[in-house]
Amino acid sequence: MTTSSAPEPVPVPVPIRVLLPGDQAIVAHLWSRRQLRDGWLYEVGLPAYRNGPGDSVEPAEYRVWVRALEHVRPVDGVSYDAVPTEYLEPPTVVQQALGPRRPSGWVLAKAGGRGPGRGVVHAVDCEEAPAGAPVLTLDRALDAAQHPGNRLCSLCGAATELDPVLKGFDQGFGGEA
């Protein structure tokens, strides 16, 4: 039995048109592409020059990742089938059934007024949540919710998510709370 020790094939760049600032476009090398949730990134090699030994100038390439629809266009007659491509993993059946998950955690928005404990507990992605506020763990959010004067936001669902934990899960099922 023989084994091949041939090296992995090196990707060959494919020509692609890159849109530059100032309404300029050049033909560059497309080395690879990566799928994102909101589009594609393309790794392009832009032609350039660099200083060589002594006073010489030599050709060079500057590689950069760019957004596909904003910065690149195909070159007529060129096939992009052989470009190394990194696809997103398809969602699992559970992810498809549940849909996108919201970020975890809560934040406390301090309300104006006197005295301690005046605020609103929001989910981190709530429109009313203050930007840059520290993210609270479940225990810290429950502690904040129990302080007199604090309330849970009903807009983002913090009340729906945290009330059963505060009042007990038997609430509404005939059990004692």
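A residue counts as exposed when its relative accessible area is over 50%, as buried when that area is under 20%, and as partly exposed in between. With those words in hand, please keep in mind throughout the tour that this is a predicted model.

**First stop: a salt bridge at aspartate 38**

Select aspartate 38, which is exposed because its relative accessible area of 59% is over the 50% cut-off. Now add arginine 67, whose side chain forms a salt bridge with aspartate 38, with the closest N and O atoms 3.5 Å apart. Arginine 67 belongs to strand β4 (residues 57-67) while aspartate 38 sits in the loop between β2 and β3, so this pair ties together parts that are 29 residues apart in sequence. Unlike its exposed partner, arginine 67 is partly exposed, at 28% relative accessibility.

**Second stop: other charged pairs**

The structure holds five salt bridges, and a few of the others can be visited from here. Side chains of opposite charge can pair when their charged atoms come close. Select arginine 50 together with glutamate 58, and you will find their side chains meeting in a salt bridge at 3.0 Å, N to O. Arginine 50 is partly exposed with a relative accessible area of 48%, and glutamate 58 is partly exposed as well, with 25%.

Next, select glutamate 61 and arginine 63, whose side chains meet in a salt bridge at 3.2 Å, N to O. Arginine 63 counts as partly exposed at 40% relative accessibility, and glutamate 61 does so at 31%. Keep both selected and add Glu43, since Glu43, Glu61 and Arg63 are linked in a network of salt bridges.

**Third stop: the largest pocket**

Which residues line the largest pocket? To see the lining, select Ile16, Leu30, Arg33, Gly39, Trp40, Tyr42, Ala68, Leu69, Val72, Arg73, Pro74 and Tyr80. The elements that give two or more residues to this lining are β2 (24-36), β3 (39-51), α1 (68-71) and β5 (72-73), and β3 gives the most, with three residues. Colouring the lining by type would show nine nonpolar residues, one polar and two charged. The volume of this pocket is about 150 Å³.

**Fourth stop: the nonpolar cores**

Turn now to the largest nonpolar core, which has 19 residues, and select those with the most contacts inside it: Trp106, Val121, Ala141, Leu152, Cys156 and Leu162. Two or more residues of this core come from each of β7 (106-110), β8, α3 (138-146) and α4 (158-167), and the largest share, four residues, comes from α3. Centre the view on leucine 162, which, leaving aside its neighbours within four places in sequence, is in contact with Trp106, Val121, Leu138, Ala141, Leu142 and Leu152. A second, separate core of 14 residues can be picked out through Ile16, Val18, Ala28 and Ala68, which are among its members.

**Last stop: histidine 122**

Finally, select histidine 122, which is placed in strand β8 (residues 119-123). Is histidine 122 buried or exposed? Histidine 122 is buried, because its relative accessible area of 5% is under the 20% cut-off. Leaving aside neighbours within four places in sequence, the contacts of histidine 122 are Trp106, Val107, Ala109, Glu128, Ala129, Pro130, Cys153, Cys156 and Ala158. To end the tour, select glycine 157 as well: histidine 122 and glycine 157 are 35 residues apart in sequence, with their C-alpha atoms 7.9 Å apart in space.

Conventions
Residues are numbered from 1 along each chain as its sequence is written. This is a predicted model: local features need pLDDT of at least 70, side-chain atom pairs count only at pLDDT 80 or more; totals for chains, interfaces and linings use all residues. Side-chain values use heavy atoms; hydrogens and water are left out. On a 1 Å grid over the protein atoms alone, a cavity is a set of points where a 1.4 Å probe fits but cannot get out, and a pocket is an open set with protein on both sides within 12 Å along at least five of seven lines; lining residues have an atom within 4 Å of a point. Grid points are joined across faces, edges and corners, and a volume is the space filled by probe spheres set on the points. Ala, Val, Leu, Ile, Met, Phe, Trp, Tyr, Cys and Pro count as nonpolar, Asp, Glu, Lys and Arg as charged, and the others, Gly among them, as polar. A salt bridge is a side-chain nitrogen of Lys or Arg within 4 Å of a carboxyl oxygen of Asp or Glu. Buried means under 20% relative accessible area, exposed over 50%, partly exposed in between (1.4 Å probe, protein chains only). Contact means heavy atoms within 4.5 Å. A nonpolar core is a set of buried Ala, Val, Leu, Ile, Met, Phe, Trp, Tyr and Cys residues joined through side-chain atoms within 4.5 Å.
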